[in-house]
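Grab a coffee and work through a few short exercises on a two-chain model. Try each task yourself before reading its solution.

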2 protein chains.
Amino acid sequence: MEKLVECVPNFSEGRRQEVIDAIVDEIRNVQGIKLLDVQSDKNHNRTVITFVGEPQSAKLAAFKACVKATELIDMEKHKGEHRRIGATDVIPFVPVWGVTMDECVQLANELSQEIAEKLNIPVYLYQEAAKIPTRKRLPDVKKFEYEDLKTEINKPERHPDYGPPHLHPTAGATAVGARDFLYIAYNINLDTHDVKIAKKIANAIRETKGGYKYVRAMGVKLEDRNIVQVTINMLNFKETPLYRVFETVKSEAARYGVNVIGSEIVGLAPLQAFLDVAEFYLRLEGFERRQVFEDNFWQ
Amino acid sequence: MEKLVECVPNFSEGRRQEVIDAIVDEIRNVQGIKLLDVQSDKNHNRTVITFVGEPQSAKLAAFKACVKATELIDMEKHKGEHRRIGATDVIPFVPVWGVTMDECVQLANELSQEIAEKLNIPVYLYQEAAKIPTRKRLPDVKKFEYEDLKTEINKPERHPDYGPPHLHPTAGATAVGARDFLYIAYNINLDTHDVKIAKKIANAIRETKGGYKYVRAMGVKLEDRNIVQVTINMLNFKETPLYRVFETVKSEAARYGVNVIGSEIVGLAPLQAFLDVAEFYLRLEGFERRQVFEDNFWQ
């Protein structure tokens, strides 16, 4: 394949398997698309799908999945820990090979226009695709959740980049963006049922509260396990590595007598992120990536 | 490539760059060979070369390198921390794709015969290629170093599997073997100049002293850094993982008030070994290898 784009749409459904399957099938059935991962979380009531393909195939797959989600998900009935604005909540494009960020921004614009025109859903462009500086950060785009966005969208500063200035009655709104390959969605679980502790730790590591520059984080409750979670977006694992965030969370948790019982990578992460972790903990000297046997045999 | 074998010959020269280059060039110039790594250690006075290719190409490259090492390395003048029996010290073959262990054993036999007949060097077959059970373990094959092997080789139980029952006057002897992909050469460095501590820690982790089943280890001094090292052969990183050995060495070192200042992977190691380390330290839940983005794009 000459050009490869990664697409990681997030849908507001993590419980009804038949709905998840129907959305996944739309993606899988597009020619030239390689489905890499489907990760559903019941607490967040959210599914993260990762796939790759040539730019136009990726756009088609994303649109078809969005059509299906619009058909099957009713935001009036949706509840979940994760902050969300619509049935198809976010769609980021990531340049992988032979594709520039500008091409991904272009792709985001084309898809947004199609979603707005054909499905009548308001679309916000975020991150590298943002047209308005205050929409660069996804948390700012998602400042108001579906319920509040119903009225907030009427304000001129909340008007979407594409589509009508009002929510779709069941699918809400969608954020479409372009971001680079260094992003990782990462969760750290704590053995307490006190969500305040998770929130305090999230504040300790997130940029906006004086934490790490490339970290966004929230504290949430995992009802089914009766524990809490620091749910994190790592925007650049090279500048702010997984191990540093993990160790900081561990140290902050200890202050409350709480333990880190596990962590999870949501979707996929680049090989280098895992190697950085191994290099850190084993205190590797003079390590080079080509020492990973398989790394000499990429496609 | 339909069949791929890895070969990791070790040569008793880690200081004279022109000798190392000449040996490496012999390998690099064989058609169909992909050179993956060259790692020289001045203290061990040893170079580990990693390359892959189809079985017959790998055999040819190993033989040519052995010819060059025989020409340029004089064991009468060699000194180094690592235990060694000859100029071309060991040559293991590793099945990678489309090749069985039996084929690697066959390859080891063919190469041994060629080295014995054309270079008049005695050859011992070890590990999976061993003809004699007591030669399965490389440490047993290398029980006597070059200097002592001169007389020990006269004893019937030390007669080589191929070649004359006496050492080559300058190149000594060679061990040729076949081993599986799960092997890793690994060193851990300690901030003390007391080699006794490294030896005690080596004893704590090695199988023969009650340690981990798949671990062989020695304590050596790194003269140029004035520190000591636990130098380890991990025979099966799936059964005895890197992190477990690392943590045990750290804990044993603490008992002497000594710190682990670093560790190093010699040559290459499989991706899974690094992922296991990341999974352990980050306490990853539900992690699957396909979550490594690039792992979906092997050749």
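Below are four exercises, each with a worked solution.

This is a predicted model, in which local features need pLDDT of at least 70, side-chain atom pairs count only at pLDDT 80 or more, and totals for chains, interfaces and linings use all residues. Residues are numbered from 1 along each chain as its sequence is written, while chains are lettered from A and ligands numbered from 1 in the order in which they are written.

**Exercise 1.** Work out what turn and shift lay chain B on chain A.

Start with the superposition, done by least squares on the C-alpha atoms of residues with pLDDT of at least 70 in both copies. A turn of 179° with a shift of 0.0 Å along the axis puts chain B on chain A, at an RMSD of 0.1 Å. The two copies are thus related as by a two-fold rotation axis.

**Exercise 2.** Describe the side of chain B that touches chain A.

First, count: 34 residues of chain B are in contact (C-beta atoms, placed from the backbone, within 7 Å) with 33 residues of chain A. Next, find the elements of chain B giving two or more residues to that side: strand 3 (34-41), helix 7 (242-254), strand 11 (260-266) and helix 8 (271-281). Helices (H or I, at least four residues) and strands (E, at least two) are DSSP runs, numbered from the N terminus. Finally, compare sides: 97% of the interface residues of chain B are also interface residues in chain A, so the copies meet through the same surface.

**Exercise 3.** Find out where the buried residues of helix 6 of chain A sit around its axis.

Buried means 20 or more other C-beta atoms within 10 Å of a residue's own, exposed means 12 or fewer, and partly exposed is in between, with C-beta atoms placed from the backbone. In helix 6 (residues 195-205) of chain A, the buried ones are I197(A), A198(A), I201(A), A202(A), A204(A) and I205(A). They cover an arc of only 155° (taken from the directions from the helix axis to the C-beta atoms), so they lie on the same side of helix 6 of chain A. Their packing partners in chain A are strand 8 (184-190), strand 9 (215-222), strand 10 (227-234) and helix 7 (242-254).

**Exercise 4.** Decide whether N226(B) is buried or exposed.

Locate the residue: N226(B) is in the loop between strand 9 (215-222) and strand 10 (227-234) of chain B. Its phi is near 55°, a positive value in a residue other than glycine. Now count neighbours: N226(B) has 10 other C-beta atoms within 10 Å, so it is exposed.

Terms used: Two residues are in contact if their C-beta atoms, placed from the backbone, lie within 7 Å.
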